[in-house]
Amino acid sequence: MRTDYLFTSESVSEGHPDKVADQISDGIVDLFLSKDPEARIACETLTTTQLVVLAGEIRCKGVYEDGAWAPGAQEEIEATVRETVKRIGYEQDGFHWEKFEFINRLHGQSAHIAQGVDAADNKDEGAGDQGIMFGYATDETPDLMPATLYYSHKILERMAADRHSGAAPFLEPDAKSQVTLRYEGSLPVAATAVVVSTQHAPGYDEGDKEAELHDYVKRVIAEVIPPVLLRETKYYINPTGSFEIGGPDGDAGLTGRKIIVDTYGGASPHGGGAFSGKDPTKVDRSAAYITRYLAKNVVAAGLATRCTIQIAYAIGVSEPLSLYVDTHDTGTVGDNLIEQAILGNAKLGGLTPRAIRTHLGLNKPIYQPTAAYGHFGRKADGDFFPWERLDLVDDLKAAFA
């Protein structure tokens, strides 16, 4: 296994057009789950200059039944969309939360999909679709996430906080970051390059104002990345020069286009399915959460310093088709034994879609906060981010005592 190399991950801010779309889609998921915990949602969002379009399939008691919207439901959907954009901070000529055109093309769920997913007679609830999902954890950071992605997210989170508080009034919502680390012995030893492109107020692309913006970004980087890693760093701040036009006005946004940003920054394989806009019967989402949970607990239990877990499903079938554990030659026990311990743990219920939702408590309106700065490496807080809990560590340790 190669241990000396350069590796790079990127992040995008809450104001990136694709992330605007993700947050809108998950705002709709939360709205419907707050009305009906068993709601079925597949909501896609398109954003562009002064336009937001929703499309997809839904089923929700008290909101959309028998092919018709309940009174006031469509107005509540639009209010949720506009409030999401307002919270992000878009009040620009090309995209303004109050002024964009809104089109709702959500409609009823396909009966053929529903019959495969719903429990009936002696049939358990089936997976909402076929697919493969991956979870990953590494001891590179306290959150057990790849360091390149960890720092990329933290830079943009800090900049967004300063924008919202007024500490950096020259910042606009759209931004991207990218961190390259040099690894020796599989541990990060230096940040060789950091890229930050941020939308800015007029005039911050030349002279003293440009210098002020660059100094601010370098200060944020220095406060996020440990100084020991910044000894040989090259900085690329707004390398195109100007970045006034951004967000949905600068580039169209779509739900589900930032799946590597959402997961592990390229450090782990990805099955290809996006998360945002989907209710938790969709294993693209729920199985990706349970595999992160399992991988994180494996590393936290001291069974490995790095762990990848894959799981696979068929639409309408409750039992997973396969479970695969790879500790990348860092395991203290055999990978096959970890697989057996996971499948034999009664708390996990055989990793059926219903068991995953029950164990993690996923039928709740908890998803909009996941739609920016990554679904993983976040703090488990009450009902939010339950897949980041470490409550399986003792079970795993006991299995190998």
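Trainee: Which residue stands opposite Tyr-324 in β13?
Mentor: That's Gln-310. Keep in mind that we're looking at a predicted model.

Trainee: Okay, and how many bridges are there between β12 and β13?
Mentor: Strand β12 (residues 306–313) pairs with β13 over 5 bridges, in the antiparallel sense.

Trainee: What's the strand order in the sheet they belong to?
Mentor: The order is β7-β12-β13, so to speak from one edge to the other, in an open sheet of 3 strands with antiparallel pairing.

Trainee: And which strands stand at the edges, and why is one side of each left without a neighbour?
Mentor: Those are β7 (131–138) and β13 (322–326); each has a single partner strand, so one side of each has no neighbour in the sheet.

Trainee: How many degrees are neighbouring strands turned against each other?
Mentor: On average 15° in this sheet, direction ignored.

Trainee: Let's go to the helices. Which strands does α8 touch?
Mentor: Helix α8 packs on the sheet and touches β7 and β12. The direction of α8 makes about 30° with that of β7.

Trainee: What about α9, where does that one lie?
Mentor: Helix α9 (residues 335–343) lies across β12 and β13, and runs at about 135° to β13.

Trainee: Back to α8. At what angle do α8 and α10 pack?
Mentor: At about 60°, with the axes 10 Å apart; α8 covers residues 283–300 and α10 covers residues 353–360. The two helices are therefore oblique to each other.

Trainee: Left-handed or right-handed, when α8 passes α10?
Mentor: That crossing is left-handed.

Trainee: Which residues meet there?
Mentor: From α8 you have Val-283, Ser-286, Ala-287, Tyr-289, Ile-290 and Tyr-293, and they meet Pro-353, Ile-356, His-359 and Leu-360 of α10. By class, this contact has 8 nonpolar and 2 polar residues, with no charged ones.

Trainee: New topic: how do the axes of α1 and α2 cross?
Mentor: They cross at roughly 135° and come within 9 Å, with α1 spanning residues 17–35 and α2 residues 73–88. So α1 and α2 are oblique to each other too, and their crossing is right-handed.

Trainee: Which residues make that contact?
Mentor: On the α1 side, they include Val-20, Ile-24, Gly-27, Leu-31, Phe-32 and Lys-35. Among those of α2 are Glu-76, Ile-77, Val-81, Val-85, Arg-87 and Ile-88.

Trainee: And how many are nonpolar, polar and charged?
Mentor: The contact of α1 with α2 has 9 nonpolar, 4 polar and 3 charged residues.

Methods: Residues are numbered from 1 along each chain as its sequence is written. This is a predicted model: local features need pLDDT of at least 70, side-chain atom pairs count only at pLDDT 80 or more; totals for chains, interfaces and linings use all residues. Side-chain values use heavy atoms; hydrogens and water are left out. Axes are lines fitted to C-alpha atoms, for helices over the stretch in contact, and angles run from 0 to 180 degrees between N-to-C directions. Helices (H or I, at least four residues) and strands (E, at least two) are DSSP runs, numbered from the N terminus. Angles under 35 degrees count as roughly parallel, over 145 as roughly antiparallel, 65 to 115 as roughly perpendicular and the rest as oblique. A crossing is left-handed if the near helix is turned anticlockwise from the far one by less than a right angle, and right-handed if clockwise. Contact means heavy atoms within 4.5 Å. Ala, Val, Leu, Ile, Met, Phe, Trp, Tyr, Cys and Pro count as nonpolar, Asp, Glu, Lys and Arg as charged, and the others, Gly among them, as polar. Two strands pair if DSSP finds at least two bridges between them.
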